[in-house]
Amino acid sequence: MSEYNEVFKRTEIKYLMDEDQFEKLFLFLSDMARVDQYGLSRINNIYYDTPDYRLIRTSLEKPVYKEKIRLRTYGETHNDTNSFIEIKKKYDGVVYKRRISGSYLDAYEYMSGRRGRLDDSQISKEIESFVKGYKNLIPAMTICYDRIAMAGIEDESFRVTFDTNIEWNNRCLDLRWVNRKGVLLPQSRGRQITKPGQYMMEIKVTNALPMELSKKMSELGIFPVSFSKYGKAYTQMIKENNEVVVKACQQIAAADRDIRKGAVAYV
């Protein structure tokens, strides 16, 4: 894995909006921020967790401190695609993210426990400590979405991202989703977290939110929300699993009633 690494410390504020609100706010932002060099891009993530989902269950309890780890790529993913192993920690509302990059195959093999530490960088050591601390981390879920990212014109630390078509999947847990003919595998298709035409915006700042932006969002009826992609996906997954269990129990109960009726009729 390469020596490339990044460290972030910032406040992240999240908002949900419909298409009309997005279009109006995006136009307003054009005077203070520019779309980055990638334009619209597809973000792919594997979230790692314990078999009992300890990390996300703790996060949903909204503690002062929480953390997660993921493997991320951009666009179509192959063995040699550049990827990032990221540790994301949040303490008292401030987000700290540390990541290291390298090929997808190297990162995936490391997170699968099939190779040792990737290099001697400090961030790599922190990732190793994280993985060893939880002992039995496994791929828990993939979450993918389309993103438009913007950076401030005067203040480059000011970042805005718009995510849409947010999908989760707990069946196909490898980002190399295409077969030899380049066709998307059926099991890789995810379930939607957001509604059609809905956007999740994140504003990432190191200082206060620009006053003119706050005023504009208030005019458009755009207000902060508590929103975790992994948290929403986990909640949906639990609901679906519970519905399957309830349906199975209902079928068993119905079959039991039929058996009893048959026995009574026979007597």
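Here is a chat between a trainee and a mentor about this predicted model.

Trainee: Let's start with the big picture. How many helices and strands does the protein have?
Mentor: The chain has 267 residues, and 42% of them count as buried. Its secondary structure comes to six helices and nine strands.

Trainee: Take contacts between residues at least 6 apart in sequence: what share joins residues at least 24 apart?
Mentor: Here we look at contacts in the protein and ask how far apart the partners sit in sequence. For residues at least 24 apart, the share is 73%.

Trainee: On to the rings. Is the pair of F22 and F162 stacked or edge-to-face?
Mentor: By the ring rule, the protein has nine aromatic pairs. In the pair of F22 and F162, the centres are 5.0 Å apart and the planes make 75 degrees. Planes over 60 degrees apart fall in one class, so the pair of F22 and F162 is edge-to-face.

Trainee: How many residues apart in sequence are the parts that this pair, F22 and F162, ties together?
Mentor: Find F22 in helix α1, residues 19-29, and then F162 in strand β7, residues 159-169. Both F22 and F162 are buried. The pair therefore ties together parts whose distance in sequence is 140 residues.

Trainee: And F26 with F162, what kind of pair is that?
Mentor: F26 is in helix α1 and F162 in strand β7, 136 residues apart, so this pair links distant parts of the chain. The ring centres are 6.1 Å apart and the planes are at 65 degrees, so the pair is edge-to-face.

Trainee: Is F26 buried or partly exposed?
Mentor: Compare it with its partner: F162 has a relative accessible area of 1% and is buried. Buried means under 20%. F26 has 26% relative accessibility, so F26 counts as partly exposed.

Trainee: Which residues do ring pairs link into a cluster?
Mentor: You've already met three members, F22 and F162 as one pair and F26 with F162 as another. Ring pairs link these with one further residue, so the cluster is F22, F26, F162 and Y199.

Trainee: Which ring does the charged end of R191 sit over?
Mentor: There are charges over rings to look at here, including R99, which lies over the face of F84 at 4.1 Å from the ring centre. For R191, the charged end is 4.0 Å from the centre of a ring, and that ring belongs to W168.

Trainee: Now helix α4. How far apart are its end C-alpha atoms?
Mentor: Helix α4 covers residues 122-134, which is 13 residues. At 1.5 Å a residue it should span 18 Å, and the model agrees with that, because the end C-alpha atoms are apart by 19 Å.

Trainee: Within what arc do the buried residues of α4 fall?
Mentor: The buried residues are I123, S124, I127, E128, F130, V131 and Y134. Seen down the axis, they line one face of the helix, because they fall within an arc of 160 degrees.

Trainee: Which exposed residues does the face of α4 turned away from its buried side carry?
Mentor: Look across the helix from that buried side. Don't mix this up with K135, which comes just after α4 and takes a positive phi of about 65 degrees. The exposed residues on the face turned away are K132 and G133.

Trainee: Last one. Is Q37 buried or exposed?
Mentor: Q37 lies in strand β2, residues 33-49. Its C-alpha is 8.9 Å from that of A149, though the two are 112 residues apart in sequence. Its relative accessibility is 72%, so Q37 counts as exposed.

Technical notes: Residues are numbered from 1 along each chain as its sequence is written. This is a predicted model: local features need pLDDT of at least 70, side-chain atom pairs count only at pLDDT 80 or more; totals for chains, interfaces and linings use all residues. Side-chain values use heavy atoms; hydrogens and water are left out. Helices (H or I, at least four residues) and strands (E, at least two) are DSSP runs, numbered from the N terminus. Buried means under 20% relative accessible area, exposed over 50%, partly exposed in between (1.4 Å probe, protein chains only). Contact means heavy atoms within 4.5 Å. Rings of Phe, Tyr and Trp (its six-membered ring) pair if their centres lie within 6.5 Å; planes under 30 degrees apart count as stacked, over 60 as edge-to-face and the rest as tilted. A charge sits over a ring if NZ of Lys or CZ of Arg is within 6 Å of the ring centre and within 35 degrees of the ring normal. The expected span of a helix is 1.5 Å times one less than its number of residues. The arc is that of the directions from the helix axis to the C-beta atoms.
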